[in-house]
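This report walks through a few helices and some of the residues they hold. Please look over the sequence and the structure before reading on.

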Amino acid sequence: MKKSMNQSTLNLILNGISILTLLFMGVALFSNSHIRGLLNTANQERFDLTYNANRFMNGSAYLTDEVRAFAATGEQEHYDNYWKEVNELKNRDIGVAALQEIGITDEEQDMINDMFALSNELVPLEEEAMNKVTAGDKESAVAYVYGEEYSSATDQINALKEQFLTALDTRTQARLDDLNFQAEFIRVCMVIALLLIAVLQLISMFVTNKRVLHPIVAVRDQMKEISNGNLSAEFSLEANTSEIGMLAASIQETKCELKKYIQDIDHILAQMAEGSMDVTIGDDYRGEFLPIQKAMRQIVDSLNNALSQISMTAERVSRESEHMASGAESLSNGTVRQASAVQQLSASIQEISGQVDRTSADADDAKHSSEEAARQLQLCSEKMTSLTDAMNDISKASNQIGGIIKTIEDISFQTNILALNAAVEAARAGEAGKGFAIVADEVQDLANKSSVSAQDIAELIENSMKLVQYGSSLTSETTDAITAVVSSAQRSTELVGRIAESAQYQSQSLKQLTQGMEQISEVVQSNASTAQQSAQSAKELNQQAEELKVSVHKFRLRRQ
């Protein structure tokens with residue numbers, strides 16, 4: 001197998017370098033911050049050293065200037081300023097103390113000491129010069145402070161000042177340059193670290209994409225093909241010692257094993273399809289394929305046993321089917337003759353049954369006609385009874401109408417009297433009662449008409465009552481006659497019904513007998529048909545048994 005670095009090892013190396021670079025970045029950031037602090041401190045020290053050095057030097061120069069000013073002018077102010085600087089302000093002492101506190105070199109301290117010595121040597125001379133001015137001898141004082149000896153001392157002091165400032169500036173500038181160089185170096189290192197981290201990330205992305213993602217996609221596609229049953233799909237990954245390579249080797253080995261199992265199963269099934277049951281199942285199945293191996297062995301054993309039993313059974317079926325065919329043919333001939341005799345007997349019984357059916361149908365028709373006549377007569381009797389009741393109701397209503405007419409006559413009489421009274425009252429009223437008199441006349445006329453109409457109605461009702469009584473008597477006589485006819489019709493209906501029941505009973509008996517013969521005929525015909533079918537089936541069974549023997553003999557079974 002081809003050797004290759006593991007993806008995990010490569011990722012570990014790249015990630016380790018990235019982590020170390022990040023740690024270096026952290027240290028560089030911390031160092032840069034520290035250098036920045038040192039730079040600020042160095043700048044502040046340089047400023048403080050320069051300031052205090054100038055303070056010391058300016059203090060010395062200030063004393064010289066005040067002495068010369070006092071010698072030239074004799075003003076007390078310059079005298080006071082001189083001693084104020086010496087006794088109170090003491091800028092020279094304060095400046096030197098500050099320089100020593102910040103830190104100066106031995107060489108610089110020697111320069112300060114030399115300047116102090118020269119300055120201290122001038123103090124007595126300056127006091128003497130100021131005393132001469134106070135004494136009034138300004139010319140001697142001016143000649144002294146501007147003289148060669150005093151000027152030479154101040155020139156030496158100034159030279160030392162310049163030398164001191166130059167040495168101080170050179171030293172502090174060198175310190176600043178060194179710190180700036182360190183800061184710039186740290187910045188360059190940080191830029192390089194950032195570039196290195198970016199390059200490592202790009203490499204990591206490239207390695208991950210090429211050696212992890214692409215192989216995983218290829219594995220996914222290959223597993224999809226395997227899940228779809230395609231074991232011949234091309235697999236581009238090569239096996240190697242890396243994780244992906246070992247995974248590719250496992251997939252290829254899996255495909256080979258699956259192909260081997262499938263080819264073995266296909267070969268065995270092809271032999272079985274060709275009729276060869278004497279096959280052997282190999283012992284090289286592994287893992288989850290062992291149940292398949294066991295199942296195939298059981299299938300082959302079961303098929304061998306089953307086909308052996310089928311072969312023996314086919315032999316027995318073939319022998320028995322021959323005997324069965326012979327017996328079925330004899331049975332078929334007998335049942336055919338029996339069916340012919342039964343069919344003739346059934347035809348005779350059906351003819352007798354048809355005649356009895358017609359007689360029963362005629363009796364039923366007579367019975368229905370008699371029953372219908374009796375029903376119509378009964379209906380006439382009921383109608384006559386209803387008519388009699390109606391005539392009685394009409395008579396009662398006529399009597400009630402007579403009472404109503406009597407009431408109308410009474411109302412007419414009372415209305416007539418009321419009209420007379422109204423006429424009398426209208427006559428009494430005179431002109432005012434003329435209209436009322438006209439109404440009273442109309443009411444009286446209406447009462448007279450009502451009385452006449454009531455009398456006419458009474459006469460009509462009386463005549464109607466007479467006619468009703470005559471109709472009632474006729475209705476009663478008709479009802480008695482119809483009742484007698486209904487009674488006779490009922491007796492006739494009973495006699496016809498008995499005849500019809502007897503004919504129906506005879507018809508039903510013949511029908512039952514006919515049905516029995518038909519059932520016997522159907523059974524016999526069915527038996528005959530069954531016997532013929534059995535004979536035909538026995539022949540076909542014999543043929544099928546022979547074909548079964550031939551088919552079973554095609555299989556090459558194991559020797560028991």
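## Helix α4 and a charged patch

In this predicted model, Asp110 has its place in helix α4, which covers residues 106-135. With a relative accessibility of 44%, Asp110 counts as partly exposed, because that class lies between the cut-offs of under 20% for buried and over 50% for exposed.

Asp110 also belongs to a patch of negative charge on the surface, where it gathers with Asp106, Glu107 and Asp114.

## The two sides of helix α5

Helix α5, made up of residues 138-145, has Ala141, Tyr144 and Val145 as its buried residues. These three lie on the same side of α5, because they cover an arc of only 90 degrees around the axis. On the face of α5 that is turned away from this buried side, the exposed residues Glu139 and Ala143 are found.

## Thr154 in helix α6

Helix α6 runs over residues 148-227 and includes Thr154. The relative accessible area of Thr154 is 10%, so this residue is buried. Although Thr154 and Thr64 stand 90 residues apart along the chain, their C-alpha atoms are separated by 8.2 Å.

## Ile265 in helix α7

Ile265 is placed in helix α7, which spans residues 243-273, and its relative accessibility of 22% means that Ile265 counts as partly exposed. In sequence, Ile265 and Ile292 are 27 residues apart, while in space the distance from C-alpha to C-alpha is 9.5 Å.

How values were computed: Residues numbered from 1 in each chain as written. Predicted model: local features only at pLDDT ≥ 70, side-chain atom pairs only at ≥ 80, totals over all residues. Heavy atoms only, no water. Patch = residues over 30% accessible without salt bridge, like charges linked within 9 Å, V, L, I, M, F, W, Y side chains within 5 Å. Areas by Shrake-Rupley, 256 points an atom, 1.4 Å probe, with all protein chains shown as cover. Salt bridge = Lys/Arg side-chain N within 4 Å of Asp/Glu carboxyl O. Lys, Arg positive; Asp, Glu negative; His and termini not counted. Charge placed at Lys NZ, Arg CZ, Asp CG, Glu CD. Helix = DSSP H or I, 4+ residues; strand = E, 2+ residues; numbered from the N terminus. Buried < 20%, exposed > 50% of the residue type's maximum accessible area, 1.4 Å probe, protein only. Arc of directions from axis to C-beta.
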